[in-house]
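Hi,

Here is the structure I promised to pass on to you. Have a look at it, and then read on for what I found.

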Amino acid sequence: GNYEQAKSAGELIANTRSMIQDLLHCPTKQVVFEPTATIALNLIIQGNIERGAHNIYVSPFEHNAVTRVLHHFEKQEKIVVRQLTVGENLRYDMERIRYQFEEEKPDIVVNFAAESHVDRSIENPEVFLDTNIKGTAVLMDACRKYGITRYHQVSTDEVYGDLPLDR
């Protein structure tokens with residue numbers, strides 16, 4: 001019984017990987033599944049460091065499982081970690097981020113910040129638009145302007161899901 005379930009799960013993963021590959025126009029080897037976003041992001045960060053990335057900017061909202069890995073490499077003097085600047089409203093401060101990028105161009109920008117619990121966006125959509133859409137666009141525009149080619153966006157835990165139709 002378990003063999004058939006494992007075989008079915010393997011086929012589902014292979015089919016999903018193929019669909020993502022087609023969607024993103026990338027080789028299959030670039031589509032990696034990990035049990036958590038934190039593990040996936042840590043693998044991405046470590047791979048970039050091995051390829052020579054030195055200046056890494058992160059959102060100030062990073063999970064400690066990510067910052068521990070970054071600080072481990074920082075203690076070994078392999079990287080320099082800087083936080084992206086946010087204003088008093090906890091939104092990215094574009095002017096200060098531009099200044100940061102002009103002063104010390106990052107090799108990598110990691111944005112793990114997002115409003116989660118997407119079902120709350122129905123009650124208060126502005127917060128989600130500001131953070132998840134506008135905040136991401138601000139960072140991506142800054143990366144484009146300053147020629148930063150490594151941008152990693154990690155999604156929230158509830159990007160997709162079912163909501164009752166009566167909400």
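To start with one residue: in which helix does Q100 lie? Q100 belongs to helix α4, which covers residues 94-103. And is Q100 buried or exposed? Its relative accessibility is 15%, so Q100 counts as buried, the cut-off being under 20%. Apart from neighbours within four places in sequence, the residues in contact with Q100 are Y57, Q83, L84 and T85.

Before going further, please keep in mind that this is a predicted model. The average pLDDT of the chain is 78, and 82% of the residues score at least 70. Of the chain's elements, β2 has the highest mean pLDDT, at 88, while strand β4 (residues 151-153) has the lowest, at 77. Where pLDDT is low, the predicted coordinates should not be read in detail.

One of the contacts of Q100, Y57, leads us to strand β1, which spans residues 55-58 and is covered on both faces. N55 and Y57 are buried on one side, and I56 and V58 are buried on the other.

Strand β1 also has pairing partners. With strand β2 (residues 80-83), β1 pairs in the parallel sense over four bridges, and here N55 has V80 as its bridge partner. Strand β3 (residues 108-111) runs parallel to β1 as well, joined to β1 by three bridges; in this pairing I56 is matched with I108.

Finally, the connection: β1, helix α3 (residues 64-75) and β2 together form a β-α-β unit, and this unit is right-handed.

Best wishes

Technical notes
Residues numbered from 1 in each chain as written. Predicted model: local features only at pLDDT ≥ 70, side-chain atom pairs only at ≥ 80, totals over all residues. Heavy atoms only, no water. Buried < 20%, exposed > 50% of the residue type's maximum accessible area, 1.4 Å probe, protein only. Helix = DSSP H or I, 4+ residues; strand = E, 2+ residues; numbered from the N terminus. Pairing = 2+ DSSP bridges. Right-handed = clockwise from strand over helix to strand, strands pointing away. Contact = heavy atoms within 4.5 Å. pLDDT = per-residue confidence, 0-100.
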